[in-house]
Amino acid sequence: SIVWLLGVSRLIDFVNLLIPKCVIAGMQVGLGVRMAAKGCAYWHVNGWIDALDGKLTCLLCFLGATGLLLRTKLPTALIIFLVGAVLTVVKMSDDGFDVRFQMLELPLTVPSRQEWFDG
């Protein structure tokens, strides 16, 4: 909510003048490294990367992402996500799961007057 308040009141421009860009960049790098380390810790706990196919997929995605980031302006994260989704569908179909694509149907619920008051 503080970021929203700063954005709406345009105080973010004033705060941007006060804080040096190198401090912001350092915080972003630190947060990114911390999130990556936390994500990598789950690999061995859940056994996601213990097999050869997991390590090979990880290496290929890393090399592909690095190549895309250095050579093109294409959305690298979206491409890696789509490759992962395709690999997941292929692996599920190889394992014998019935893979069907269908539209998500969400039921429409209209609350009654009393439900509005009750919460």
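1. Let's start with Asp95. In this predicted model, Asp95 has a relative accessibility of 48%, so it counts as partly exposed, since the exposed label needs over 50%. Its partner is Lys91: the two form a salt bridge, and their closest N and O atoms are 3.6 Å apart. Lys91 is partly exposed as well, because its relative accessible area is 45%.

2. How many salt bridges does the count come to? It comes to two. The other pair to look up is Asp98 and Arg100, where the closest N and O atoms sit 3.2 Å apart. Both Asp98 and Arg100 are exposed. If you're wondering about the chemistry, side chains of opposite charge can pair when their charged atoms come close.

3. Now back to Lys91, which turns up again in the lining of the largest pocket. That pocket holds about 360 Å³ of space. Others in its lining include Trp48, Asp53, Cys61, Leu87 and Val90. Two elements give two or more residues to this lining: helix H4, covering 52–71, and helix H5, covering 76–94. Which of them provides the largest share? That would be H5, with five residues. For some background on how such spaces are found, rolling a probe the size of a water molecule over the atoms shows where empty space is left.

4. What is the lining made of, by class? You'll find five nonpolar residues, five polar ones and two charged ones. Try sorting a few yourself: Gly47, Gly54 and Gly84 are among the lining residues, and here glycine is put with the polar class. Asp53 and Lys91 are also on the list, and Asp and Lys count as charged.

5. Next, have a look at the surface. Leu11, Phe14, Leu18, Ile19, Val23 and Met27 make a nonpolar patch of about 590 Å². Helix H2 (11–18) and helix H3 (21–46) each give two or more residues to the patch. The largest share, three residues, comes from H2. One member worth clicking on is Leu18, which is found in helix H2. Is Leu18 buried or exposed? With a relative accessible area of 58%, Leu18 is exposed, because the cut-off is over 50%.

6. Leu108 is another leucine to check. You'll find Leu108 in the loop between H5 and helix H6, which runs 113–118. Its relative accessibility is 79%, so Leu108 counts as exposed. Compare its position with that of Leu87, one of the pocket-lining residues. Leu108 and Leu87 are 21 residues apart in sequence, and their C-alpha atoms are 33 Å apart in space.

7. Last, a backbone point. Most residues other than glycine have a negative phi, and most peptide bonds are trans. Arg10, though, has a positive phi, near 65°, and it is not a glycine. Where is Arg10 found? It lies in the loop between helix H1 (2–8) and H2. Arg10 is also exposed, because its relative accessible area is 63%.

Technical notes
Residues are numbered from 1 along each chain as its sequence is written. This is a predicted model: local features need pLDDT of at least 70, side-chain atom pairs count only at pLDDT 80 or more; totals for chains, interfaces and linings use all residues. Side-chain values use heavy atoms; hydrogens and water are left out. On a 1 Å grid over the protein atoms alone, a cavity is a set of points where a 1.4 Å probe fits but cannot get out, and a pocket is an open set with protein on both sides within 12 Å along at least five of seven lines; lining residues have an atom within 4 Å of a point. Grid points are joined across faces, edges and corners, and a volume is the space filled by probe spheres set on the points. Helices (H or I, at least four residues) and strands (E, at least two) are DSSP runs, numbered from the N terminus. A salt bridge is a side-chain nitrogen of Lys or Arg within 4 Å of a carboxyl oxygen of Asp or Glu. Buried means under 20% relative accessible area, exposed over 50%, partly exposed in between (1.4 Å probe, protein chains only). Patches are made of residues with over 30% relative accessible area and no salt bridge: like charges are joined within 9 Å, nonpolar side chains (Val, Leu, Ile, Met, Phe, Trp, Tyr) within 5 Å. Accessible areas come from the Shrake-Rupley method with a 1.4 Å probe; for residues, only the protein chains shown count as cover.
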